[in-house]
Amino acid sequence: MDFPATIGAGLLGGLAMTAILYMGMAMMPGQMKMNLLYLLGTMMFRQKAVVYMAGAMAHAGMSIVFALIHVGIYEAIGLDSSLAAWGLLFGLAHYMVAGMALGMMPMMHAGVRSGVVRAPGAFAMGYPRGTAMGFLMLHLLFGLLVGVLYDTFGGV
């Protein structure tokens with residue numbers, strides 16, 4: 001496994017997800033309701049000044065971990081071609097894991113339990129349909145990007 005290529009692919013994939021999410025929130029505020037960095041950041045802090053930075057760091061860390069899992073699977077089963085297509089498949093699996101984790105937010109997030117932060121629900125179904133669909137599409141994009149970027153960075 002090429003760790004620099006994997007970490008780079010994960011960070012860029014996570015950055016693309018985040019950028020597109022916030023563009024969607026700006027363009028369709030009635031449909032895109034998941035403020036991801038705020039949701040993640042408020043799990044750790046209450047001060048607005050650090051919430052978004054903490055959320056960004058948490059998402060970057062998760063992006064690296066999921067990229068390591070993606071590439072670990074590529075390496076374990078000997079994939080060295082069609083990583084874009086395989087990335088979509090792994091993005092779907094990533095969506096399933098992350099979607100189930102969202103459903104557990106009330107158990108993990110004091111702000112969600114207290115009602116201060118809106119519960120996303122499993123697979124972001126607690127938000128408008130546009131958010132739930134965007135949640136799926138962003139995870140497919142992440143998988144695609146990890147596959148393509150890992151290949152591009154010379155990981156294969």
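**Notebook: helix 1, the core and F123**

I began with helix 1, whose 25 residues reach 36 Å from first C-alpha to last, close to the 36 Å expected at 1.5 Å a residue (the expected span is 1.5 Å times one less than the number of residues; helices are DSSP runs of H or I of at least four residues, numbered from the N terminus). The model is predicted, so I note its limits: local features need pLDDT of at least 70, side-chain atom pairs count only at pLDDT 80 or more, and totals for chains, interfaces and linings use all residues. Residues are numbered from 1 along each chain as its sequence is written, and side-chain values use heavy atoms, without hydrogens or water.

At the start of helix 1, I found a side-chain oxygen of D2 within 3.1 Å of the backbone nitrogen of A5.

I then listed the buried residues of helix 1 (under 20% relative accessible area, 1.4 Å probe, protein chains only); among them are A5, A9, G10, M17 and L21. Their cover includes helix 2, helix 3 and helix 7.

Next I looked up the largest nonpolar core (buried Ala, Val, Leu, Ile, Met, Phe, Trp, Tyr and Cys joined through side-chain atoms within 4.5 Å). It has 33 residues, and M34, Y74, L102, F135, V146 and Y150 have the most contacts inside it. Helix 7 (129-152) is one of the elements that give two or more residues to this core; it gives the most, with 7 residues.

Leaving aside neighbours within four places in sequence, V146 is in contact (heavy atoms within 4.5 Å) with A9, G10, A67, H70, V71 and Y74.

Lastly, I located F123 in the loop between helix 6 (110-114) and helix 7. Its C-alpha lies 7.3 Å from that of F135, 12 residues apart along the chain. Beyond neighbours within four places in sequence, the contacts of F123 include Y95, L102 and F135.

Terms used: Buried means under 20% relative accessible area, exposed over 50%, partly exposed in between (1.4 Å probe, protein chains only). A polar contact is a pair of N or O atoms within 3.5 Å; within protein, one must be able to donate a hydrogen and the other to accept it, and residues adjacent in sequence count only if both atoms are side-chain atoms.
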